[in-house]
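Got your viewer open and a coffee at hand? Let's go for a walk, one selection at a time.

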Amino acid sequence: MIKMSYLVLLNAALWGKTSQSSNYLQSGPELALDGLLTSWTHTNTETNPWWRVDLLKVYRVNRVTITNRPGNGLRINGAVIRIGNFLDIYNNRICAVISTLADGATATFSCGGMEGRYMIVHIPGDQKILSLSEAGVYGYLAGNLAVDGAATQSSTFTGWFAEKAIDSNRGLQQNTACASTLNQTNPWWRLDLRHIYRVSRVVVTNRKDCCTEQMNGAEIRIGNSLESNGNNNPICAVIPAIPAGESYSYSCGGMDGRYVNLIIPEDMKILTLCELEVYGEGSVLTTVQ
Ligand SMILES: *[C@@H]1O[C@H](CO)[C@@H](O)[C@H](O)[C@H]1NC(C)=O
Ligand SMILES: [Ca+2]
């Protein structure tokens, strides 16, 4: 038996909130996300009907999938797929136009990383009905993943809590926006992203006011193990030094992990960190056998 791990790109639409221009009978907008090809959304016959999913966060959308209803499939002809951040659907950019799609068929539309919180399907024109059996949105989370995580560290210098390195404040105005350990052996800081991500890069900001060497030699480690407090996970990079108040980006080339650690593996060291940002793919690792 081969045991393998692989990344399953989740359909980001699944946790989104749906709406549409009108509901014909009980055919609500959520029926495009119930996984069933035998149920479909259905607007009234109207001018410019639309369907929308709010992904709740901004994604870089690589592709959209649309499954047509099993009958009357010609109604989809001319439907427009848009991605963007605007509630006014026509302000969002067009990813694709569906010329035609066979009854019950699924088509994939490449959106090339268009950024948006909303994916909209609409049909321009009068006397139109919009029906979708299923819709999918696949892509990457666009923002800093760290802000939804939880931080902890090996020890805390008065008031310099671990969370201050994920408070979206790089601490350049006041150093109270930074985290710091006590002077100790192997000081470490850990971020729990709460889900497994494929990390493309980590951005680390050093303090500006003084003591810039309190980052030197820190290893950035990423993985899923909490062995040794997560400090045995694979290394993405070692930070030789970061100038005062600067933010350095470390490319991790798609390391998979839920935990991101910084550790200085030395005696009598203080680890100080003003901000740590994580960027990567919003997907989940699944183990199958
Ligand atoms: C850490 O403690 C050692 C031993 O007391 C001391 O020599 C060293 O200067 C301290 N480091 C810092 C950065 O305070
Ligand atoms: Ca901060």
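Which residues coordinate the calcium ion (ligand 2)? Select the ion and you should find Lys-164 (O), Asp-167 (OD), Asn-169 (O), Ala-177 (O), Cys-274 (O) and Glu-275 (OE), at 2.1 to 2.4 Å. A donor here is an N, O or S atom within 2.8 Å of the metal (3.2 Å for Na, K and Ca), and since water is not among the atoms, sites may look incomplete.

A word on the ground rules before going on. This is a predicted model, where local features need pLDDT of at least 70 and side-chain atom pairs count only at pLDDT 80 or more, while totals for chains, interfaces and linings use all residues. Residues are numbered from 1 along each chain as its sequence is written, chains are lettered from A and ligands numbered from 1 in the order in which they are written, and side-chain values use heavy atoms, with hydrogens and water left out.

**Stop 1: around the calcium**

Stay on the ion and look at the angles. The six donor atoms subtend 74 to 171 degrees, which makes the arrangement irregular. For the label, four donors are tetrahedral if all angles lie between 85 and 135 degrees; four are square planar and six octahedral if opposite donors are over 155 degrees apart and all others between 65 and 115; anything else is irregular.

Now trace the donors along the chain: their spacing reads K-x2-D-x1-N-x7-A-x96-C-E. Colour by accessibility if you can. Asn-169 is partly exposed, with a relative accessible area of 29%, whereas Ala-177 is buried at 3%. (Buried means under 20% relative accessible area, exposed over 50%, partly exposed in between, with a 1.4 Å probe and protein chains only.)

**Stop 2: the disulfides**

How many disulfides does the structure hold? There are four, a disulfide being a pair of cysteine sulfur atoms within 2.5 Å. Number the bonded cysteines in sequence order and the pairing comes out as 1-2, 3-8, 4-5, 6-7.

You've already met one of the cysteines: Cys-274, a calcium donor through its O. Select Cys-178 as well, and you'll see the disulfide that joins it to Cys-274, S to S 2.0 Å. The link is right-handed, with 90 degrees about the S-S bond. This pair links distant parts of the chain, 96 residues apart: Cys-178 sits in the loop between β8 (150-153) and β9 (179-180), and Cys-274 in the loop between β14 (272-273) and β15 (275-281). Strands are DSSP runs of E (at least two residues), helices runs of H or I (at least four), numbered from the N terminus. Cys-178 is buried at 0% relative accessible area, and Cys-274 is buried at 0% too.

Next, pick Cys-95 and Cys-111, whose sulfur atoms are 2.2 Å apart in another disulfide. This one is left-handed, at -80 degrees about the S-S bond. Cys-95 lies in strand β5 (residues 93-98) and Cys-111 in strand β6 (residues 106-122), so the pair ties together parts that are 16 residues apart in sequence. Cys-95 is buried at 15%, and Cys-111 counts as buried at 6%.

Then jump to Cys-236 and Cys-252, S to S 2.2 Å. Their link is left-handed, with -80 degrees about the S-S bond. Cys-236 is in strand β12 (residues 235-239) and Cys-252 in strand β13 (residues 247-263), 16 residues apart.

**Stop 3: strand β13 and its partners**

Keep β13 selected and add β10 (residues 188-205): the two pair in the antiparallel sense over 13 bridges. (Two strands pair if DSSP finds at least two bridges between them.) Along that pairing, Val-199 stands opposite Met-255 in β13. Strand β11 (residues 218-223) also pairs antiparallel with β13, over five bridges, and here Ile-220 has Leu-262 as its bridge partner.

**Stop 4: strand β4**

Is strand β4 (residues 79-84) enclosed or open? Six of its six residues are buried, so it is largely enclosed by the rest of the structure. In a regular strand the side chains alternate between the two faces of the sheet. In β4, Ala-79, Ile-81 and Ile-83 point one way and Val-80, Arg-82 and Gly-84 the other.

Add the neighbours. β4 pairs antiparallel with β5 over five bridges, with Ile-81 facing its bridge partner Ala-96. Five bridges also join β4 to β6, again antiparallel, and Val-80 stands opposite His-122 there.

**Last stop: Thr-65**

Finally, select Thr-65 in strand β3 (residues 50-67). At 13% relative accessibility, Thr-65 counts as buried. Leaving aside neighbours within four places in sequence, its contacts (heavy atoms within 4.5 Å) include Thr-106, Glu-134 and Tyr-138.
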